[in-house]
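Trainee: Could you take me through this structure by question and answer? Please define each term when it comes up.

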Amino acid sequence: MTHSFISPPNAGRFVLSNATLPAVAVEGFDAPAIEGLVKADIVIADGVISALLPAGAAPVELPRSDLKDGMVWPCFTDMHTHLDKGHIWPRNANPDGTFIGALDAVRADREAYWSTADVGKRMEFSLRSAYAHGTSLIRTHLDSLAPQHRISFEVFAEMRDAWKDRVALQAVALFPMENMVDAAYFADLVAVVREKGGLIGGVTRMNPDLDSQLDVLFRAAADNGLDVDLHVDESDDPAAETLKAIAQAVLRNRFDGKVTAGHCCSLARQDEETAKRTVELVAKAGLSIVSLPMCNLYLQDRYPGRTPRWRGVTLFKELAAAGVATAVASDNTRDPFYAYGDLDPVEVLREAVRILHLDHPLDTAARVVTTSPADILGRPDKGRIAAGALADLVLFSARRWTEFLSRPQSDRVVLRRGKVIDRSLPDYRELDNIVGA
């Protein structure tokens, strides 16, 4: 097993004493907070948090681990990933690191290799990594050009069943919205998504038919009881305003399902007044926004021989201040859209704090990988520490933010239903027979 800093008692009832918790992820417990962190004893019984008590107040007769002010977090939610693309970099790298280069490399790889066995093995590898890092809820986008939609959604359904007690899974159909002109294809895609309990998605692009495309999409979603999760304005072009068009379409169609928009990069390239109007419209339409800071820092403003001039991310603080539900997520992992990553929300949070300036203060920063994405995904039972909740927890030796954000926390301990899990990460060599070394 991966080396850990502490070994909690292997008992039916025990205490994690002198723990430091992110207050934004704690419910039903009041204590003085310093920089958004509170002290508590956590009593665990039969896999459930039975009580949150002031630090040092838990019954002395119970077995315990003294965390000595170490942090305890709820398990994480990673709400925007691409499990079907994961780990293909060794066999189809992105030659120049650009968005167009990524599109071409993924297209070639998908057409040549994405069988049931190939997608399944890579998806399983990614889930093992995410689970070891402490994630309990993932939403993945699945490339859904025909015939891939039937292959990948079938693999996803099998994975969802196999992993249901470890990682809850959701899936979104990802496809170019102009492909809806093929009525037979789109009807089949919607049927597959509905059958597999997924969401409808798509890539929005500025074009003369955008409004009518969005109307078709939202009508199909409403008729089939589907929520919507879109790839939006992943561009440095200030003229890319599909986010505004999406908000208008939600209002125009009176769509009452949940709508999430990912990326929304061009919003940060627009003048203040234009961006302000769009942010207000997004709030009025009730959209949720997920920023993908690592992937967009990697892809956006990349030109040969030129240092990037901006960070690639959306107006995260302005959206949140307007009352828009916001979160961050991993996005791609070791594929042409992002050459790195390991589906570790601690890394995502650490980089998001740096890239988006979620610090000074850090009081609510923890929400972006815990409560906020869980709520957006319709799982308010996830991402929280509360009496009565499952003891799905991640334990850290770090006592305060400066310690937590300065190291990768590789010695963390993950509890699922109060039991320590094996945090050994899968070896990349396991993928050599399908993607190469």
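Mentor: Contact means that heavy atoms lie within 4.5 Å. The model is predicted, so local features need pLDDT of at least 70 and side-chain atom pairs count only at pLDDT 80 or more, while totals for chains, interfaces and linings use all residues. Residues are numbered from 1 along each chain as its sequence is written, and side-chain values use heavy atoms, with hydrogens and water left out.

Trainee: Which residues does Arg 110 touch, not counting residues up to four places away in sequence?

Mentor: Arg 110 is placed in helix α1, residues 99-113. Helices (H or I, at least four residues) and strands (E, at least two) are DSSP runs, numbered from the N terminus. With residues up to four places away in sequence left out, Arg 110 touches Asp 143, Leu 145 and Gln 148.

Trainee: How many Å is the polar contact between the side chains of Arg 110 and Asp 143?

Mentor: A polar contact is a pair of N or O atoms within 3.5 Å; within protein, one must be able to donate a hydrogen and the other to accept it, and residues adjacent in sequence count only if both atoms are side-chain atoms. The polar contact that joins the side chains of Arg 110 and Asp 143 is 2.8 Å.

Trainee: Is Arg 110 buried or exposed?

Mentor: Buried means under 20% relative accessible area, exposed over 50%, and partly exposed in between (1.4 Å probe, protein chains only). The relative accessible area of Arg 110 is 13%, so Arg 110 is buried.

Trainee: What do the buried residues of α3 pack against?

Mentor: Helix α3 covers residues 148-162, and its end C-alpha atoms are 21 Å apart, in agreement with the expected 21 Å. That expected span is 1.5 Å times one less than the number of residues. Among the buried residues of α3 are Gln 148, Phe 153 and Met 159. The buried residues of α3 pack against α1, α2 (116-133), β7 (135-143), β8 (168-174) and α4 (183-195).

Trainee: How many disulfides are there?

Mentor: A disulfide is a pair of cysteine sulfur atoms within 2.5 Å. By this rule the count is zero.

Trainee: Which cysteine sulfur is nearest to that of Cys 265?

Mentor: Cys 265 is in no disulfide, and at 0% relative accessibility Cys 265 is buried. The nearest cysteine sulfur is 7.5 Å away, in Cys 264.

Trainee: Why is the sulfur of Cys 295 in no bond with the closest cysteine sulfur?

Mentor: Cys 295 is also buried, with a relative accessible area of 0%. The closest cysteine sulfur is that of Cys 265, and the distance is too far for a bond, namely 8.5 Å.

Trainee: Which helix gives the most to the largest nonpolar core?

Mentor: A nonpolar core is a set of buried Ala, Val, Leu, Ile, Met, Phe, Trp, Tyr and Cys residues joined through side-chain atoms within 4.5 Å. The largest one has 99 residues, and those with the most contacts inside it include Trp 73 and Phe 404. Seven residues of this core come from the helix that gives the most, α10 (residues 345-356).

Trainee: How many residues are in the other core, with Phe 14 and Val 26 among them?

Mentor: This core lies apart from the largest one, and Ala 19 and Ala 40 are also among its members. The number of residues in it is 22.

Trainee: Which residue is the bridge partner of Val 43 in β3?

Mentor: Two strands pair if DSSP finds at least two bridges between them. Strand β2 (residues 37-45) and strand β3 (residues 48-53) pair in the antiparallel sense over five bridges. In β3, Val 43 is partnered by Ala 51.

Trainee: What phi does Asp 46 have in the turn of the hairpin?

Mentor: The hairpin is formed by β2 and β3, with two residues between them. Asp 46 lies in the turn, and its phi is positive, about 55°.

Trainee: How many bridges join β1 and β2?

Mentor: In β2, the bridge partner of Thr 20 is Lys 39. Strand β1 (residues 13-22) and β2 pair in the antiparallel sense, and the number of bridges is eight.

Trainee: Which strands stand at the edges of the open sheet of four strands?

Mentor: The order in this sheet is β5-β14-β15-β16, with antiparallel pairing. An edge strand has a single partner strand, so one side of it is left without a neighbour in the sheet; the two edge strands are β5 (72-74) and β16 (419-420).
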